[in-house]
Amino acid sequence: MWLTAAVCCLLWGSAFPAIKLGYSYLDIKSGDNATIILFAGIRFFLAGVLTVVLFSAVKRKALIPKKTAFKKIAVLSLFQTVIQYIFFYLGLAYTSGERGSVISGASVFFAIIISAFIFRSEKLGANKIIGSVIGFAGVITVSLDAFVSTGGFTGEAFILISSISYAFSSNFIKEYSKTEEPTMLSGWQFMAGGAVMVIFGLIFGGRLEVINASGILITLYLAFVSAAAYSLWSILLKYNEVSRVAVCSFMTPVFGCILSALFVRGERFSVPAIIISLILVAAGIIIVNYSSKIKKDNI
């Protein structure tokens, strides 16, 4: 589970600098919200098509949703794609990839709290709280300068809303996967959510006026990131407690900070901070998962 989760988090972490590069390649300005949403919508619609085609081939049957799945797809597309990524993309347009990584780390807390108090699918034990706090300390450590920096907080507020939406979507996936194929849900909700975002962006005047090979390639890469990472993540959520899986996503901000510093001009990271951060994140993941292992062993 950890290895699969790490692959997902590495892919998601790469999305932070990739989105920034996409803005640069396609000449999308930070204030052009309609075009930002259009860009995101194209990515997710392509991700949905890729997911459905890929996993239909893997499973050797077409991933066509039944009538009972339509409502679930609509709910997932609202929380996992439309709300989460409209605010995520807008947020990254107003803040650094590094700082966005830190704020998005709060989604772990939201996912565990929502799982315990709203969906009531698991109990909120001391080990889960302690492990989450230690993991989040690692997220803050990797980007302490970004965490305490001053200035406007529009981007950070948007990414926080995105994180809350993601937390709800994780719990919905866990619930819906009991009766539906998770990769089918993932693919079709991406297509539905992506289509809504494309229409929304076009209605409000979004236009991709600069189209080049670099922009196309980065968009296709982002579509692959969503298709691969969310499909694998959905499978993990189907067979594991939300807290066990969610705490692993603390790795995403760490990867995001490193990759943003490597590929986006003007962003950097400290090697000692990265090492300390990885230790704290690993400790947090172990503590949360160790508590779950004890519970299963006792059963």
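**Exercise 1. Determine in which helix Leu160 lies, whether Leu160 is buried or exposed, and which residues Leu160 contacts.**

Solution. Leu160 is placed in helix H8, residues 154-176; helices are DSSP runs of H or I with at least four residues, strands are runs of E with at least two, and both are numbered from the N terminus. The model is predicted, so local features need pLDDT of at least 70 and side-chain atom pairs pLDDT 80 or more, while totals for chains, interfaces and linings use all residues. Residues are numbered from 1 along each chain as its sequence is written, and side-chain values use heavy atoms, without hydrogens and water.

Next, the relative accessible area of Leu160 is 35%, which makes Leu160 partly exposed; buried means under 20%, exposed over 50%, and partly exposed in between, with a 1.4 Å probe and protein chains only. Finally, apart from neighbours within four places in sequence, Leu160 contacts Ile103, Ala106 and Phe110, where contact means heavy atoms within 4.5 Å. Ser104 lies 56 residues from Leu160 in sequence, yet their C-alpha atoms are 6.4 Å apart.

**Exercise 2. Establish whether Gln80 is buried or exposed, and which residues Gln80 contacts.**

Solution. Gln80 belongs to helix H3, residues 70-94. With a relative accessible area of 1%, Gln80 is buried. Beyond four places in sequence, the contacts of Gln80 are Tyr85, Ser169, Ile173, Gln189, Phe190 and Tyr230. Turning to Tyr85, its contacts under the corresponding exclusion are Trp12, Arg43, Phe44, Gln80, Met197 and Tyr230.

Tyr85 is also among the residues with the most contacts inside the largest nonpolar core, along with Trp12, Tyr23, Tyr89 and Trp233. That core has 76 residues; a nonpolar core is a set of buried Ala, Val, Leu, Ile, Met, Phe, Trp, Tyr and Cys residues joined through side-chain atoms within 4.5 Å.

**Exercise 3. Compare the expected span of helix H1 with the distance between its end C-alpha atoms, and locate its kink.**

Solution. Helix H1 covers residues 2-25, which is 24 residues. The expected span is 1.5 Å times one less than the number of residues, so H1 should span 34 Å; its end C-alpha atoms are 34 Å apart, in agreement. A kink of about 30° is found at Phe16, shortly before Pro17; the bend is the angle between axes fitted to the seven residues ending at a residue and the seven starting there. Just after H1, Asp27 has a positive phi of about 55°.

**Exercise 4. State how many helices and strands the protein has, and what percentage of its residues is buried.**

Solution. The protein has 13 helices and zero strands. Of its 299 residues, 55% are buried.
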